[in-house]
Amino acid sequence: MTVVKEETLGALVQIYSHFRLEAEVRHVRFAARGRGAGWHTREQIDALPLSRVDHKVLALVAKQQPVAGNRSRRGKGAKAS
């Protein structure tokens, strides 16, 4: 796959009883290819049983994605000033 755009969204830490997870979350856009096998809509993702770290990653992504019909970079639920 060819990377078209890559940006760091942030870092997160999740502490478990026997180890510490540190991760850097990146948003990577690939050149269009095929039908997107393995990719899911946000609605499909919301229906999955996710861990706390998965929810942290999705929160970082939501901060970067515009709300439908809104071109700003405010996250879901953000109020206009």
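1. Start with Asp 46. Its relative accessibility is 46%, so Asp 46 counts as partly exposed. This is a value from a predicted model. Asp 46 has a salt-bridge partner in Arg 42, with the closest N and O atoms 2.9 Å apart. Arg 42 is also partly exposed, at 33% relative accessibility. Both residues belong to helix α1, which covers residues 42-46. They sit four residues apart, about one turn of the helix.

2. How many salt bridges does the structure hold? There are four. One of them joins Arg 26 to Glu 6, and the closest N and O atoms of that pair are 2.6 Å apart. This contact links distant parts of the chain. Arg 26 is in strand β2 (residues 20-30), while Glu 6 is in strand β1 (residues 3-15). Along the chain they are 20 residues apart.

3. Arg 26 has a further partner. Its salt bridge with Glu 24 brings the closest N and O atoms to 2.9 Å. Glu 6, Glu 24 and Arg 26 are therefore worth viewing together: they are linked in a network of salt bridges, a contact that needs a side-chain nitrogen within 4 Å of a carboxyl oxygen.

4. Are Arg 26 and Glu 6 buried or exposed? Neither label fits. Arg 26 has a relative accessible area of 43%, which makes it partly exposed. Glu 6 is at 44% and is likewise partly exposed. The cut-offs explain the wording: buried means under 20%, exposed means over 50%, and partly exposed lies in between.

5. Now the strands. β1 and β2 run antiparallel, and eleven bridges join them. The connection between the two is a hairpin of four residues. Check one pairing by eye: Ile 15 stands opposite Arg 20 in β2. When you inspect side chains here, keep one general point in mind. In a regular strand, side chains alternate between the two faces of the sheet.

6. Which aromatic rings pair up? A search of the whole structure finds one aromatic pair. The pair is Tyr 16 with Phe 19. Their ring centres are 4.7 Å apart and their planes meet at 25°, so the pair is stacked. The cut-off for stacked is planes under 30 degrees apart. Tyr 16 is partly exposed, with a relative accessible area of 32%. Phe 19 is partly exposed too, at 40%.

7. Next, the nonpolar surface. Met 1, Val 3, Phe 30 and Trp 39 make a nonpolar surface patch of about 470 Å². Trp 39 comes from the loop between β2 and α1. It is exposed, with a relative accessible area of 59%.

8. Ala 32 is in the loop between β2 and α1. Its relative accessibility is 82%, so Ala 32 counts as exposed. How far is its C-alpha atom from that of Val 3? The separation is 9.8 Å, although the two residues are 29 apart along the chain. Val 3 also belongs to the nonpolar patch in point 7.

9. To look at the model in order, begin with the salt bridge of Arg 42 and Asp 46 in helix α1. Move to the network of Glu 6, Glu 24 and Arg 26. Follow the hairpin from β1 to β2, and view the stacked rings of Tyr 16 and Phe 19. Finish at the patch that includes Trp 39.

Conventions. Residues are numbered from 1 along each chain as its sequence is written. This is a predicted model: local features need pLDDT of at least 70, side-chain atom pairs count only at pLDDT 80 or more; totals for chains, interfaces and linings use all residues. Side-chain values use heavy atoms; hydrogens and water are left out. Buried means under 20% relative accessible area, exposed over 50%, partly exposed in between (1.4 Å probe, protein chains only). Patches are made of residues with over 30% relative accessible area and no salt bridge: like charges are joined within 9 Å, nonpolar side chains (Val, Leu, Ile, Met, Phe, Trp, Tyr) within 5 Å. Accessible areas come from the Shrake-Rupley method with a 1.4 Å probe; for residues, only the protein chains shown count as cover. Rings of Phe, Tyr and Trp (its six-membered ring) pair if their centres lie within 6.5 Å; planes under 30 degrees apart count as stacked, over 60 as edge-to-face and the rest as tilted. Two strands pair if DSSP finds at least two bridges between them.
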